[in-house]
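User: Could you take a close look at one part of this structure for me, namely the largest pocket and what surrounds it? I'm a first-year student, so please keep it relaxed and go step by step.

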Amino acid sequence: SLLYNNLKPENNMVFTNDDKQTILEPTEIDFKRNRFRNFYLNLPLHFELDFSPTEIGEDGSKLFRSHQSARVGLGGYVGVLINSKNFFKYEEDGHKVKYSIKDNYNVNDFNYGLSGYVGYRQFTFYTKYDLQALFKHNAADVHNLSLGLRWDFN
């Protein structure tokens with residue numbers, strides 16, 4: 001799966017590198033948009049219970065179809081960081097300014113964690129929690145928690 005996490009610092013704070021740590025620092029800029037994005041390639045692995053009914057084919061054989069009823073899954077994932085970027089948008093002297101900074105911000109190159117989901121037909125509510133801290137060598141361990149709605153198409 002492809003995954004990106006957006007962190008949106010508030011109160012005109014920005015992520016900066018400070019002696020191998022990534023910290024939030026205040027700025028004088030009044031940001032219209034300030035977004036820190038990490039893009040991952042993940043490999044999920046889940047144990048799934050699918051409660052879809054078994055159908056009988058014309059020849060009497062059993063057909064096991066998935067995503068026809070409720071399902072529950074529990075498992076985890078491992079992933080690798082593709083890139084990290086900081087996006088900024090603000091106004092300065094009446095001019096609109098947009099720019100991005102691509103840097104590693106001491107983000108861990110790999111991530112892993114636990115995930116689970118509950119679904120009915122093609123709609124699924126999922127949650128995932130990164131066991132690996134987002135930043136290397138930081139005094140404060142920051143872990144991503146994601147909740148969402150997924151639409152599966154088979």
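Analyst: Here is a walk from the whole chain to the pocket, then on to some residues and a cavity. Keep in mind that this is a predicted model.

Let's start with the big picture. The chain has zero helices and eleven strands, so if you read along the sequence you meet the pattern β-β-β-β-β-β-β-β-β-β-β. The radius of gyration of the chain is 21 Å, well over the 15 Å that the globule rule gives for 154 residues, so the chain is more spread out than a compact globule. You can also picture a box along the principal axes: the C-alpha atoms fill roughly 75 × 35 × 20 Å. Of the 154 residues, 34% are buried. The accessible surface adds up to about 10500 Å², and carbon and sulfur atoms own 55% of that. As for contacts, take those between residues at least 6 apart in sequence: 60% of them join residues at least 24 apart.

Now for the pocket you asked about. The largest pocket holds about 360 Å³ of space. It is lined by 14 residues, and those closest to its centre are S1, L3, Y126, K128 and R150. Which elements give two or more residues to this lining? They are β1 (2–7), β4 (31–50), β9 (110–120) and β10 (123–130). Sorted by class, the lining of the largest pocket has six nonpolar, six polar and two charged residues.

L3 is a good residue to zoom in on, being among those closest to the pocket centre. You'll find L3 in strand β1. Is L3 buried or exposed? With a relative accessibility of 16%, L3 falls under the 20% cut-off, so it counts as buried. Setting aside residues up to four places away in sequence, L3 touches N38, F39, Y40, N42 and K128. K128 is worth a second glance, as this residue is also listed among those closest to the centre of the pocket. For a sense of distance, look at E55: it sits 52 residues from L3 along the chain, and the two C-alpha atoms are separated by 35 Å.

One of the residues that L3 touches is N42, so let's hop over there. N42 is part of strand β4, one of the elements that give two or more residues to the pocket lining. The relative accessible area of N42 is 7%, so this residue is buried. Leaving out neighbours within four places in sequence, N42 is in contact with S1, L3, Y77, V78, G79, V80 and N111. Two names there should ring a bell: S1 and L3 are both listed among the residues closest to the pocket centre.

Next, have a look at S84, which lies in strand β7 (residues 70–92). S84 is buried, with a relative accessible area of just 2%. Its contacts beyond four places in sequence are F36, R37, N38, I101, K102, D103, N104, Y105 and V107. N38 turns up among the residues that L3 touches as well. One pair deserves a closer look: S84 and N104 are 20 residues apart in sequence, while their C-alpha atoms are 5.6 Å apart in space.

What about loops? R121 lies in the loop between β9 and β10, and both of those strands give two or more residues to the pocket lining. Phi of R121 is near 55 degrees, a positive value in a residue that isn't a glycine. R121 has 39% relative accessibility and counts as partly exposed. N12 also has a positive phi, about 55 degrees, although N12 is not a glycine. This one lies in the loop between β1 and β2 (13–18). With a relative accessible area of 24%, N12 is partly exposed.

Last stop: a space that is closed off. How many cavities of 30 Å³ or more are there? The count comes to one. The largest cavity has about 50 Å³ of space. Its lining is made up of Y40, V107, N108, F110, N111, D130, Q132, A133, L134 and N144. By class, that gives five nonpolar, four polar and one charged residues. Some of these names link back to the residues above: Y40 is touched by L3, N111 is in contact with N42, and V107 is in contact with S84.

Conventions:
Residues are numbered from 1 along each chain as its sequence is written. This is a predicted model: local features need pLDDT of at least 70, side-chain atom pairs count only at pLDDT 80 or more; totals for chains, interfaces and linings use all residues. Side-chain values use heavy atoms; hydrogens and water are left out. On a 1 Å grid over the protein atoms alone, a cavity is a set of points where a 1.4 Å probe fits but cannot get out, and a pocket is an open set with protein on both sides within 12 Å along at least five of seven lines; lining residues have an atom within 4 Å of a point. Grid points are joined across faces, edges and corners, and a volume is the space filled by probe spheres set on the points. Ala, Val, Leu, Ile, Met, Phe, Trp, Tyr, Cys and Pro count as nonpolar, Asp, Glu, Lys and Arg as charged, and the others, Gly among them, as polar. Helices (H or I, at least four residues) and strands (E, at least two) are DSSP runs, numbered from the N terminus. The radius of gyration is taken over C-alpha atoms; the globule rule is 2.2 Å times the number of residues to the power 0.38. Buried means under 20% relative accessible area, exposed over 50%, partly exposed in between (1.4 Å probe, protein chains only). Contact means heavy atoms within 4.5 Å. Accessible areas come from the Shrake-Rupley method with a 1.4 Å probe; for residues, only the protein chains shown count as cover.
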